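Reader: Please take a close look at one part of this model, the charged side chains that pair with one another. I should then like the account to be carried on to the place where the chains meet.

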2 protein chains.
Amino acid sequence: MEPAGERIRIAALELFAERGFHGTGIRDLAERAGLSSGRQIALDRPPPERIAGLVHIHVLTHATWPLETRVVDGEMRALSAARRDEIVALRDEYEGLWQQAIETGHRQGYFGVQTPRLARLALLEMCSGVARWYQPQGPIALDDLAVRYAEMALGLLGAEPVRLPSANESVRRSIELIDTIWPASG
Amino acid sequence: MEPAGERIRIAALELFAERGFHGTGIRDLAERAGLSSGRQIALDRPPPERIAGLVHIHVLTHATWPLETRVVDGEMRALSAARRDEIVALRDEYEGLWQQAIETGHRQGYFGVQTPRLARLALLEMCSGVARWYQPQGPIALDDLAVRYAEMALGLLGAEPVRLPSANESVRRSIELIDTIWPASG
């Protein structure tokens, strides 16, 4: 398989040729380039595992790409209206994955937290925050960071303390996934 | 007692007259004006109660003063070197209160969390984050917000689920305290 950057370049060329620049959405591009984060957080998995997967992906992305994620998270207002609508819809869908996992876990008795919406907001702020302080040359390795954050997230949700058997595997898959989406680090 | 704004104005005048502007530190000013957050988070209280008090104060301040706290949290680099040193020292001391409470709670068996330093970073980001989304006209009242955040914070720390008997009292004292420090809202 070609590197993700090249796949995205080819997919963009194809789509722009077929539909024009203004007719091409980000989702079209992601699909054409074969990018998907679905396998990590599949809806048939138990909610604690989905939350752990979401935390792994979110934390690793923000720790590895602090400048890029801060711009993506904070500068939506700088986009033109048409582009902003598209990005806001993607963001809402992404946050919906968190909300669904929290609400399902709440309904099924996995999570004792009283207010799923507040929990989602707290978790996203906590996980995005690593972009503001994480130092790759510091004392915490990336995979430890992801595992510890998933534990804290499950604690915040009022889950019974669990050590997910597949934490290391989930982190490994997350890193692989992020490597296919984000360009290789300098 | 005079309103806090007036007390700070008088204290500043006195100190500038005594020591000059450049000889006056923020701590001197706070002490002279009779401002202190100590009573909420006294070191003789059990760590879960201290954490709840810190969360109440931090969340209420950030929810009530979103623009001010975002500037204070994010724009330290804009200060001159001398002023920055002073503010950084105050920030370090403040974060030390969180760190101490978490470490003491960890050592004394209140908190199961594995990495107190990561927990402090996660909690501060999660609590500061309310400045980015909280809407006073939205569905969540300020005191509910503070109580729920303290519950989630204690969950994150791996504390046994507790309903602190004094949560409402602590929130009331926090609001009172913040009202003495921050100028009255327009």
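Author: A:Asp28 is a suitable starting point, being partly exposed at 24% relative accessibility; buried here means under 20% relative accessible area, exposed over 50%, and partly exposed in between (1.4 Å probe, protein chains only). The model is a predicted one, in which local features need pLDDT of at least 70 and side-chain atom pairs count only at pLDDT 80 or more, whereas totals for chains, interfaces and linings use all residues. Residues are numbered from 1 along each chain as its sequence is written, chains are lettered from A and ligands numbered from 1 in the order in which they are written, and side-chain values use heavy atoms, with hydrogens and water left out.

The partner of A:Asp28 is A:Arg19, with which it forms a salt bridge whose closest N and O atoms are 3.3 Å apart; the term denotes a side-chain nitrogen of Lys or Arg within 4 Å of a carboxyl oxygen of Asp or Glu. A:Arg19 is also partly exposed, with a relative accessible area of 42%.

A second pair in chain A joins A:Arg32 to A:Glu18 through a salt bridge of 3.0 Å, N to O. A:Glu18 belongs to helix α1 (residues 4-19) of chain A and A:Arg32 to helix α2 (residues 26-32), so this pair ties together parts that are 14 residues apart in sequence. Helices are DSSP runs (H or I, at least four residues), numbered from the N terminus. A:Arg32 counts as partly exposed, at 34% relative accessibility.

Chain B offers a pair within one helix. The side chains of B:Glu151 and B:Arg148 meet in a salt bridge (3.0 Å, N to O). Both residues lie in helix α8 (residues 142-156) of chain B, 3 residues apart, about one turn of the helix. B:Arg148 is buried, its relative accessible area being 17%. Shared partners also link salt bridges in chain A, where A:Glu14, A:Glu18 and A:Arg32 are joined into one network. Over all chains, the search of the whole structure finds 18 salt bridges.

Of the salt bridges, 2 are counted between chain A and chain B. B:Glu125 forms a salt bridge with A:Arg132, with 2.8 Å between the closest N and O atoms. The rule also finds 3 residue pairs in polar contact across this interface, both residues at pLDDT 80 or more. On the side of chain A that touches chain B, α6 (116-128), α7 (130-133) and α8 (142-156) each supply at least two residues.

The interface as a whole brings 23 residues of chain A into contact (heavy atoms within 4.5 Å) with 23 residues of chain B. About 2000 Å² is buried between the two chains, and carbon and sulfur atoms give 65% of that area. A:Leu118, A:Glu125 and A:Met152 supply 29% of the area that chain A buries against chain B, more than any other three residues.

The arrangement of the chains completes the picture. Chain A is superposed on chain B by a rotation of 180° with 0.0 Å of shift along the axis (RMSD 0.0 Å), which is the relation of a two-fold axis. The same surface serves both copies, as 100% of the contact residues of chain A recur in chain B.

Notes: Least-squares fit on C-alpha atoms with pLDDT ≥ 70 in both. Buried area = accessible area lost by both parts, 1.4 Å probe. Polar contact = N/O pair within 3.5 Å; in protein donor to acceptor, adjacent residues only side chain to side chain.
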